[in-house]
Amino acid sequence: MIDFFSMSKRYSKTVLFVAQLMLFTFFANAQTSGQEVKATSDEKSEQIITRAIEVLGGSNYLSIRTIIGRGFFTPFHEGVSQVPAKFVDYIVFPDKERTEFVSNGVRTIQVNYGDQGWIFDGAVKTLNDQKPDQIEEFKFGFKTTVETLLRGAWRKEGAKLSYVGRREAGLAKRNETVRLTYPNGFWIEYEFGAKDGLPAKIIYLRKHKNADSGELEESIEEDRLAKPIKIDGITAPWVIDHYIAGKQSSRISYESIEYNKPIPDTVFTKPANIKALKN
């Protein structure tokens with residue numbers, strides 16, 4: 001049986017770099033008050049950020065209001081792809097997202113808005129508010145996106161931005177690498193194509209509980225971004241592969257992306273009961 005909440009967490013983390021831009025900014029602003037902690041960076045890293053914003057669409061990239069994405073989410077087990085699930089994702093800035101999955105006729109819905117959210121699990125026919133740890137997991141997903149870097153939300157958290165250098169990225173390809181390091185020691189590395197300036201990879205060290213022993217473990221997680229497509233002056237990766245400890249755990253593959261289409265607020269409203277859910 002597919003763990004759809006885990007799928008939605010992974011999907012929300014890597015859904016669209018442009019989509020997460022305003023959402024992460026909302027969370028960062030909500031959590032920051034009073035005097036801001038000073039952040040640091042270097043000139044080379046700032047140049048890489050500026051170029052990335054330009055190649056992703058510049059003002060078009062920064063002025064998105066809504067996004068509707070459709071495609072397939074495929075989980076992997078021991079390097080082997082499993083049954084893919086169709087998804088549709090609705091985003092309204094600054095703080096609303098609804099993701100629906102359908103697999104083997106079973107529908108699952110996850111909705112987040114600000115510091116709240118709800119989940120419909122079609123497999124067991126339950127409709128519940130998200131728990132605090134689920135909402136925190138959703139927020140953590142946004143923390144590791146490229147938008148954390150490009151939008152500058154990290155500056156309010158006192159993170160340090162530094163240039164790591166160039167890395168091999170295939171035949172005759174290299175990536176420019178920068179690193180964000182937060183005051184608590186958590187770090188994220190972002191790789192951008194040295195030639196095209198596009199986001200190529202995200203790497204971070206994550207702590208998690210072992211499913212069998214329950215002990216806390218650390219592993220490197222990685223998003224590899226591919227198939228950049230430009231629509232309405234905005235470029236986004238249409239294939240996103242996620243790896244944990246060197247093993248692929250999922251793939252997001254888009255079939256369509258629409259920007260600035262009207263989305264009613266009712267899409268995000270929790271229904272009174274399961275029967276009230278629209279087909």
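This is a guided tour of a predicted protein model, taken selection by selection.

Begin with the whole protein chain in a cartoon view, where six helices and 14 strands can be picked out. If the chain is then coloured by accessibility, buried residues account for 51% of its 279 residues. Switching to the surface shows an accessible area of about 13700 Å², of which 50% belongs to carbon and sulfur atoms. Among the contacts in the chain with a separation of 6 or more, 53% are between residues 24 or more positions apart.

Next, select helix α3, residues 43–56. The helix has 14 residues and reaches 20 Å from its first C-alpha to its last, close to the 20 Å expected at 1.5 Å a residue. Show the side chains of S45, I48, I49, A52, I53 and L56, which are buried in α3, and look down the axis: because these residues cover an arc of only 135° around it, they lie on the same side of the helix. Turning to the other side of α3 brings up E43 and E54, which are exposed. Just after the helix comes G57, whose phi is positive, near 135°.

From α3, move to the largest nonpolar core, which has 22 residues, and in which L149, L150, L180, Y190 and F192 touch the most other members. To see where this core is drawn from, select α3, α6 (146–151), β9 (174–181), β10 (187–193) and β11 (199–209), each of which supplies at least two residues; the largest share, five residues, comes from α3. Now centre the view on Y190 and display its surroundings: leaving aside residues up to four places away in sequence, Y190 touches K143, T144, T145, V146, T148, L149, E176, T177, V178, L180, K201 and I202. Apart from the largest core lies another, of 17 residues, and selecting I91, F93, L225 and A236 will show some of its members.

The last stops concern charged side chains, of which the structure holds 20 salt bridges. Side chains of opposite charge can pair when their charged atoms come close. Select K139 and D115, whose side chains meet in a salt bridge at 2.4 Å, N to O. This pair links distant parts of the chain, since K139 sits in helix α5 (residues 132–143) and D115 in the loop between β5 (106–113) and β6 (116–121), 24 residues apart. Which of the terms buried, partly exposed and exposed describes K139? With a relative accessible area of 11%, which is under 20%, K139 is buried, whereas D115, at 48% relative accessibility, counts as partly exposed.

Keep K139 in view and add E136, since the side chains of these two residues also meet in a salt bridge, at 3.9 Å, N to O. Here both partners lie in helix α5, three residues apart, about one turn of the helix. E136 is partly exposed, with a relative accessible area of 45%.

Finally, select R174 and E168, whose side chains meet in a salt bridge at 3.2 Å, N to O. R174 is partly exposed, with a relative accessible area of 41%, while E168, at 58%, counts as exposed. To close the tour, add R167, R179, E189 and E191, which are joined into one network by salt bridges that share partners.

Terms used: Residues are numbered from 1 along each chain as its sequence is written. This is a predicted model: local features need pLDDT of at least 70, side-chain atom pairs count only at pLDDT 80 or more; totals for chains, interfaces and linings use all residues. Side-chain values use heavy atoms; hydrogens and water are left out. Helices (H or I, at least four residues) and strands (E, at least two) are DSSP runs, numbered from the N terminus. Buried means under 20% relative accessible area, exposed over 50%, partly exposed in between (1.4 Å probe, protein chains only). Contact means heavy atoms within 4.5 Å. Accessible areas come from the Shrake-Rupley method with a 1.4 Å probe; for residues, only the protein chains shown count as cover. A salt bridge is a side-chain nitrogen of Lys or Arg within 4 Å of a carboxyl oxygen of Asp or Glu. A nonpolar core is a set of buried Ala, Val, Leu, Ile, Met, Phe, Trp, Tyr and Cys residues joined through side-chain atoms within 4.5 Å. The expected span of a helix is 1.5 Å times one less than its number of residues. The arc is that of the directions from the helix axis to the C-beta atoms.
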